[in-house]
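Reader: Let us go through the labels used for this model. I want the reasoning behind each one.

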Amino acid sequence: MMIINPCRQSIYVLACLLLLLSLLCASCMRVAAPLQEYRSSWKFAVVSDTQGNNKSKACINDAVVQAIADDIAREKPDLVIVAGDLVNGWFRNGGTDYDAQYKNWKGAMGSVYQAGIPVFPIRGNHDSGPERLALPPLPANLEPPADTLIQMKKVFRKIFAEPYIPQSGPVGEEGLTYSFVHKNAFFICLDQFTGEQHKVNQAWLDRQLAQNQTPHIFVYGHEPAFGTGHKDNLGFFSNDRDAFWNAIGRAGGKIYFCGHDHFYNRTLISDDTGRPIRQIILGTGGGVLRKWSGLYQDKKRVKCEYHNGDHHGYVLVTVAEMRVTITWKALMKPGTIDAWQYLDTFTYVIPAR
């Protein structure tokens with residue numbers, strides 16, 4: 001009969017327990033690791049309509065764009081999205097070619113680029129060509145050359161050819177329409193001018209939303225889905241617009257960022273099943289500020305939550321786990337570092353899946 005030393009037996013049992021404990025800890029670490037990035041707070045900035053007035057040879061509002069860029073660099077967001085109308089583009093540009101206009105824009109945004117913050121722009125109507133459906137025909141002296149649409153698309157793709165900008169868009173919209181994931185958020189960036197004006201590629205959008213695995217969805221385009229000032233918006237094709245809005249709501253999206261109208265406007269607009277979505281118009285990046293009548297084109301569906309047409313500025317979005325805080329930072333006094341004020345802030349929480 002073999003006699004086991006009690007001391008050795010205790011050591012053996014202890015070693016087994018320690019091994020089991022280490023395996024459990026490693027398993028916990030593997031499970032917890034993907035969740036850890038959701039626990040950390042991060043932020044991004046949103047800018048739109050940075051073009052200059054009709055007298056600007058640079059075709060941007062240099063002073064405001066530089067002030068916004070400097071403040072963004074101080075905020076140190078993970079990324080910046082730009083919802084179109086970066087430059088005067090084809091319209092009243094004083095003869096400044098498209099290549100020079102976008103180089104001027106990148107120069108004014110220099111502090112952001114120098115800080116290594118990636119910038120994800122899309123085109124607006126100034127970046128793409130004249131509107132042909134909702135507005136009266138242009139007078140002959142304002143009609144651009146026949147190849148304007150092709151040349152502007154070509155230059156935009158060339159200037160914004162950073163390797164981090166996806167080429168994942170539908171055929172013909174590569175580098176113009178695209179999507180990407182950053183941490184726990186899915187960004188959908190929509191060009192509304194390559195195909196039929198005032199529409200998005202709904203089939204592509206539906207596929208993107210169906211494949212999403214992140215809790216947060218941020219969609220942005222240039223034109224409002226629900227019109228305020230300009231007649232040229234996604235509401236021109238109301239059925240297609242409603243399909244677009246319902247797709248965002250069905251996927252769990254809560255926000256649509258856009259520009260085009262030169263003021264800040266936050267509205268609550270539910271989809272067809274009552275799911276709340278906010279449209280945030282932030283055409284305050286430098287374009288000439290405009291007054292608004294206070295009337296929406298879809299009066300019954302739209303509830304105004306905040307409006308300001310007196311200041312330039314940009315939006316800062318903070319994502320903390322399932323909580324999102326959106327703040328409009330207004331430039332109260334250009335050229336002064338402490339001239340920024342938070343004039344609109346609201347928060348929403350995504351339900352845990």
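Author: In this predicted model, the count of salt bridges comes to 21.

Reader: Why is the pair K199 and E196 called a salt bridge?

Author: The closest N and O atoms of K199 and E196 are 3.2 Å apart. The cut-off is 4 Å, so the pair qualifies.

Reader: Why is K199 called partly exposed?

Author: The relative accessible area of K199 is 23%. Partly exposed runs between 20% and 50%, so K199 belongs there. E196, at 42%, is also partly exposed.

Reader: What makes D298 and R241 a salt bridge?

Author: Their closest N and O atoms are 3.2 Å apart, and the limit is 4 Å. D298 lies in the loop between β9 and β10, and R241 in helix α7, so the pair ties together parts that are 57 residues apart in sequence.

Reader: How do you know whether R241 is buried or exposed?

Author: Its relative accessible area is 3%. Buried means under 20%, so R241 is buried.

Reader: What about R275 and D271: which of them is buried, and which partly exposed?

Author: D271 has a relative accessible area of 5%, under the 20% limit, so D271 is buried. R275, at 30%, counts as partly exposed. Their side chains meet in a salt bridge, 2.7 Å from N to O.

Reader: Which residues are linked in a network of salt bridges?

Author: K43, D71, R74, E75 and K329. D71 and E75 are among the buried residues of α2.

Reader: How do you know that the span of α2 fits expectation?

Author: Helix α2 has 14 residues and reaches 20 Å from its first C-alpha to its last. The expected value at 1.5 Å a residue is 20 Å, and the span is close to it.

Key:
Residues are numbered from 1 along each chain as its sequence is written. This is a predicted model: local features need pLDDT of at least 70, side-chain atom pairs count only at pLDDT 80 or more; totals for chains, interfaces and linings use all residues. Side-chain values use heavy atoms; hydrogens and water are left out. Helices (H or I, at least four residues) and strands (E, at least two) are DSSP runs, numbered from the N terminus. The expected span of a helix is 1.5 Å times one less than its number of residues. Buried means under 20% relative accessible area, exposed over 50%, partly exposed in between (1.4 Å probe, protein chains only).
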